[in-house]
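Colleague: I should like a close look at a single part of this model, namely the contact between its two chains. Please describe it in one connected account.

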Amino acid sequence: GDLLEIFDDGTEKRGETTFMDLPDEMSIKIIANLDLPSQFKMRRVSRGFNELQLCVKNMLQTIEIKIIPDRYEMSINPCSRNSPWQCHNYDELIQGLRRLALNTSINRITIREELGTDHIMIEDCLMDTLFNFEADELITWNDKK
Amino acid sequence: RIYPLMRVTLTTSDGASVTVSRQLTKHSGFIEKAITDMAVDDNAVPLSAVAVDVDDATLKLVIEWLTEHRDDALPYPEKTDEERRADDIPAWDQAFVQKWDTKEDQQQTLYAVITAADKLDIKGLLDMTCKTLANKINGKTVEEMREILQLECDFTEEELAEIRKENAWCEN
């Protein structure tokens, strides 16, 4: 509820309630109702949100990762992004997936490696990261032949 | 069985009291438990007073919502993590919350109703108000989120850089 502030002159004033005054269970319920990108963006709002976001259990249908000669693409479903995320930085891909795996379970993960790629070392690290997910199915596709 | 004419008197944290039908209070887990704990005759009209830790103005809003939803099915259908969505707020509820937009302390009213729904254990109202607040934040930038929630950034630059890397898939 409202916080009661008492000033030096003895006057009293009701302080404003903020989001962080809500019980944690309520904050988690609100964060759980955000779409996935908003939920992750909210981690940058404050330390409190960053910690609370970990308490939300996310369920996704699919994650599809494409390894293309000069980049990676990641599509998440359901997600409010209209187009796949295009990434040229392998560390960002791995760090993003590691963090997502902490509180997300997925029906199916698909990795597709397209003709012209040479990512044998990368694949091992990527696979290790993907094994952190609670997932029903992991499919790898190799178009290199 | 809930008899439609049964009444229960609620006393608020600021000393007001209001008598309402048990058709409404049956949606509140807290009030129904209080009535059960009193072990009074179910036919007593009105029942003894139940003290609720909610102020008069907020309780009025709760009762307005309960009146509209008095015929909702019980128990409230819980959604699984997979079924969760925030875009299914009924039209009446949306209009009910929009009325608060004219108030200066609209966000404070929303927080007060969320807290009241939690204390009174009214799952439908809690669900709806949490979704309403989530919809205000959805799709906003981090700066806009901070403004809506009136919160200051308490991260170091290094910590923020680390989260930005982890968030690149949804922010770039």
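Modeller: The account below takes up the interface of chain A and chain B, and then the core and the domain boundary.

This is a predicted model, in which local features need pLDDT of at least 70, side-chain atom pairs count only at pLDDT 80 or more, and totals for chains, interfaces and linings use all residues. Residues are numbered from 1 along each chain as its sequence is written, chains are lettered from A in the order in which they are written, and side-chain values use heavy atoms, with hydrogens and water left out.

The contact (heavy atoms within 4.5 Å) takes 44 residues from chain A and 44 residues from chain B. About 4200 Å² is buried between the two chains, 58% of it on carbon and sulfur atoms; buried area is the accessible area (1.4 Å probe) that two parts lose on being put together, summed over both. Of the area that chain A buries against chain B, A:Asn33, A:Arg44 and A:Arg47 supply 19%, more than any other three residues.

The rule finds four salt bridges across this interface, a salt bridge being a side-chain nitrogen of Lys or Arg within 4 Å of a carboxyl oxygen of Asp or Glu. A:Arg47 meets B:Glu159 in a salt bridge at 3.0 Å, N to O.

Another acidic residue, B:Glu166, lies in helix 8 (residues 157-166) of chain B; helices are DSSP runs of H or I with at least four residues, numbered from the N terminus. B:Glu166 is buried, with a relative accessible area of 16%, where buried means under 20% (1.4 Å probe, protein chains only). Beyond its neighbours within four places in sequence, B:Glu166 is in contact with A:Arg43, A:Gln95, A:Gly96 and A:Arg99.

Nonpolar residues also deserve attention. In the largest nonpolar core, of 51 residues, A:Ile30, A:Met42 and B:Ile114 touch the most other members; such a core is a set of buried Ala, Val, Leu, Ile, Met, Phe, Trp, Tyr and Cys residues joined through side-chain atoms within 4.5 Å. Helix 6 (residues 123-137) of chain B gives the most to this core, with seven residues. Residues up to four places away in sequence aside, A:Met42 touches A:Ile31, A:Leu34 and A:Phe49, together with B:Ile137, B:Met145 and B:Leu149.

Within chain A, domain 1 (1-56) and domain 2 (57-145), with bounds from an automatic or database domain assignment, bury about 860 Å² between them. The rule finds zero salt bridges across that boundary.

Notes: Buried means under 20% relative accessible area, exposed over 50%, partly exposed in between (1.4 Å probe, protein chains only). Helices (H or I, at least four residues) and strands (E, at least two) are DSSP runs, numbered from the N terminus.
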